[in-house]
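Thank you all for coming; I would like to take a few minutes to walk through one structure, going from its sheet to its helices and then to a few single residues. Please have the sequence and the model open while I speak.

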Amino acid sequence: MRMGQSFAAARPAALHCPELICRGPRPEESAALLAAWRRDLARLLADDLSGLLSGDRLDVSVSEPDRLNGAEALDRIGQVAANSLLRVGASGETALLSFDFATAIALMDRSFGGDGRATGPVPDVLPRSAALLVEEAATIIAGAMTRASFGDMPPPAGGSPRPDVIVRSESAGRLKPFDVDA
């Protein structure tokens, strides 16, 4: 056998995208990354949302995520709520934000200097002032979620989509944020 001989491939080698060949973080690394993201998001939300509520400094915590399928999530939200589909993160992922009407009205009361306690029955239609406050909160939350996803790194120039509220609806099912079986 001569060692100087060159071999030719019978066919081209497969080229795989980075998503298929790179290994993701180990479970303990994922848990640490998620804990840091939750802490950063809570800090950003406390800073950013405080301006909506009579200048009070909020105490915000972000809990561990729950694993639900789409049907369970829609059941938890209920038939009618102030729902917003958000564009967040480095690659423009979507997130669903929901406020039940009682919470939206309590936030509105608090933003105008009230104590945030709901008195009387919850209306069938969200008052315009509460709807505007929910829209502003959704925009702030989308921005905070996007900034938290970058940590201390600046977002890529021109490469990341702008955080935004894509669409709003009182029915989360109408927004179709996810498959009910997913």
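Before anything else, a word on naming: helices, of at least four residues, and strands, of at least two, are DSSP runs, and they are numbered from the N terminus. With those names in hand we can place a residue such as Ser63, which is found in the loop between H2 and H3. Please also keep in mind throughout that this is a predicted model.

Let me begin with the sheet. It is an open sheet of three strands, in the order E2-E1-E3, and the pairing is antiparallel. E2 and E3 are the edge strands, each of them pairing on one side only, and from one strand to the next the twist averages 25°.

Looking at the pairings one at a time, E1 and E2 run antiparallel and are joined by seven bridges. Within that pairing, Ser84 stands opposite Leu97 in E2, Leu85 stands opposite Leu96 in E2, and Val88 has Glu93 in E2 as its bridge partner. The hairpin that E1 and E2 form has four residues between the strands, and Gly89 there takes a positive phi near 80°. On the other pairing, E1 and E3, the latter covering residues 164–169, also run antiparallel, with five bridges between them, and here the partner of Arg87 is Asp164 in E3.

How enclosed is E1 by the rest of the structure? Six of its seven residues are buried, so E1 is largely enclosed. As a general point about such elements, side chains in a regular strand alternate between the two faces of the sheet.

Now to the helices, starting with H5, which lies across E1, E2 and E3 and runs at about 30° to E1. H5 also packs against H4: H4 spans residues 101–111, H5 spans residues 128–150, and their axes are 9 Å apart at an angle of about 90°. Angles from 65 to 115 degrees count as roughly perpendicular, and H4 and H5 are therefore described as roughly perpendicular to each other. On the H4 side the contact is made by Ala104, Leu107, Met108 and Ser111, while H5 contributes Ser129, Ala130, Leu133 and Val134. Sorted by character, the residues of this contact of H4 with H5 are six nonpolar, two polar and no charged.

That brings us to the interior. The largest nonpolar core has 30 residues, and those with the most contacts inside it are Leu49, Leu52, Leu86, Phe99, Leu126, Ile141 and Met145. At least two residues of this core come from each of H2, E1, E2, H4 and H5, and H5 gives the most, with 12 residues. To take one of these core residues, Leu49 is in contact with Leu58, Ala137, Ile140 and Ile141, if we leave aside its neighbours within four places in sequence.

I would like to finish with three single residues, and the one I take up now is Thr146, in helix H5. Is Thr146 buried or exposed? Its relative accessible area is 7%, and the limit for buried is under 20%, so Thr146 is buried. Not counting residues up to four places away in sequence, Thr146 touches Arg87, Val88, Gly89 and Pro163.

The next is Asp56, which lies in the loop between H2 and H3. Asp56 has 29% relative accessibility and so counts as partly exposed. Apart from residues up to four places away in sequence, Asp56 touches Ser50 and Arg110. Along the chain, Asp56 and Gly113 are 57 residues apart, and yet their C-alpha atoms are separated by 9.9 Å.

Finally, we return to Ser63, in the loop between H2 and H3. With a relative accessible area of 57%, Ser63 is exposed. Ser63 and Arg39 are 24 residues apart in sequence, and from C-alpha to C-alpha they are 9.6 Å apart in space.

Notes: Residues are numbered from 1 along each chain as its sequence is written. This is a predicted model: local features need pLDDT of at least 70, side-chain atom pairs count only at pLDDT 80 or more; totals for chains, interfaces and linings use all residues. Side-chain values use heavy atoms; hydrogens and water are left out. Axes are lines fitted to C-alpha atoms, for helices over the stretch in contact, and angles run from 0 to 180 degrees between N-to-C directions. Angles under 35 degrees count as roughly parallel, over 145 as roughly antiparallel, 65 to 115 as roughly perpendicular and the rest as oblique. Contact means heavy atoms within 4.5 Å. Ala, Val, Leu, Ile, Met, Phe, Trp, Tyr, Cys and Pro count as nonpolar, Asp, Glu, Lys and Arg as charged, and the others, Gly among them, as polar. A nonpolar core is a set of buried Ala, Val, Leu, Ile, Met, Phe, Trp, Tyr and Cys residues joined through side-chain atoms within 4.5 Å. Buried means under 20% relative accessible area, exposed over 50%, partly exposed in between (1.4 Å probe, protein chains only). Two strands pair if DSSP finds at least two bridges between them.
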